[in-house]
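Biologist: I am new to this structure and would like a close look at a single part of it, taken slowly. Could you start from one side chain and follow its partners outward, explaining each term as it comes up?

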Amino acid sequence: MTDREYSVVEAIGRINRFADSHLTAFPTASQAAKDFARLGVISNTLKPSDSKPGVPASPGTLARQELIDDLWDDLLAIADTARTIARKEPGFAADFRVGDDSQRQIIATATAFHEKLQDADIAAKFFAY
């Protein structure tokens with residue numbers, strides 16, 4: 001299943017969940033009610049194995065990805081804090097810019113931020129905010 005097909009299946013699922021929770025808001029004979037019923041049939045014909053792209057990741061891979069996701073959130077928070085500090089000290093945020101969210105770039109950015117934060121003056125500014 002391609003990413004596009006997977007996205008369509010996920011969208012059908014979201015619409016189906018919406019229909020289940022809001023069906024009473026639509027008149028029984030309306031076009032929306034008919035379309036929701038038809039979509040329910042389509043959704044039920046898709047097998048769970050059809051809606052998952054590729055092979056499931058190993059537990060170790062999932063755990064690593066969760067750590068990377070948490071690290072990305074932390075980097076965004078550091079960059080945001082640096083932009084806040086830059087309001088009073090122009091140019092401060094230049095060293096705290098994040099790149100794309102690829103795993104390799106996240107690790108490189110975290111390493112660069114770590115090196116910058118070894119400076120006691122810079123670290124003190126972050127702690128103040």
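Modeller: Let us start at Lys125, which is partly exposed, with a relative accessible area of 27%; here buried means under 20% relative accessible area, exposed means over 50%, and partly exposed lies in between, as computed with a 1.4 Å probe on protein chains only. Before going further, please keep in mind that this is a predicted model, in which local features need pLDDT of at least 70 and side-chain atom pairs count only at pLDDT 80 or more, while totals for chains, interfaces and linings use all residues. Residues are numbered from 1 along each chain as its sequence is written, and side-chain values use heavy atoms, with hydrogens and water left out.

The side chain of Lys125 meets that of Glu89 in a salt bridge, at 2.7 Å from N to O, the term being kept for a side-chain nitrogen of Lys or Arg within 4 Å of a carboxyl oxygen of Asp or Glu. Because Glu89 sits in the loop between α3 and α4 while Lys125 belongs to helix α5, this pair ties together parts that are 36 residues apart in sequence; helices here are DSSP runs of H or I with at least four residues, numbered from the N terminus. Glu89, at 32% relative accessibility, also counts as partly exposed.

From the charged pair we can turn to the rings. Two rings of Phe, Tyr or Trp (its six-membered ring) are paired if their centres lie within 6.5 Å, and the pair is called stacked when the planes are under 30 degrees apart, edge-to-face when over 60, and tilted for the rest. By this rule there are 5 aromatic pairs. One of them joins Phe92 and Phe126 in a tilted arrangement, with 5.8 Å from centre to centre and 50° between the planes. This pair again links distant parts of the chain, since Phe92 lies in the loop between α3 (59–86) and α4 (103–116) and Phe126 lies in helix α5 (residues 120–128), 34 residues apart. Phe92 counts as buried because its relative accessibility is 10%, and Phe126, with a relative accessible area of 14%, is buried as well.

Phe126 has a further ring partner in Phe96, and that pair is edge-to-face, with centres 5.0 Å apart and an angle of 70° between the planes. Here too distant parts of the chain are linked, Phe96 being in the loop between α3 and α4 and Phe126 in helix α5, 30 residues apart. Phe96 is buried, with a relative accessible area of 2%. Taken together, ring pairs link Phe92, Phe96, Phe113 and Phe126 into a cluster.

Helix α4 also holds Thr109, which counts as buried because its relative accessibility is 5%. When neighbours within four places in sequence are left aside, Thr109 is in contact (heavy atoms within 4.5 Å) with Leu75, Arg97, Val98 and Gly99.

To place the opening salt bridge in context, the whole structure has 3 salt bridges. Another of them joins Arg83 to Asp80, their closest N and O atoms being 3.4 Å apart, and both of these residues lie in helix α3, 3 residues apart, or about one turn of the helix. Arg83 is partly exposed at 46% relative accessible area, and Asp80 is partly exposed at 41%.

Terms used. Helix = DSSP H or I, 4+ residues; strand = E, 2+ residues; numbered from the N terminus.
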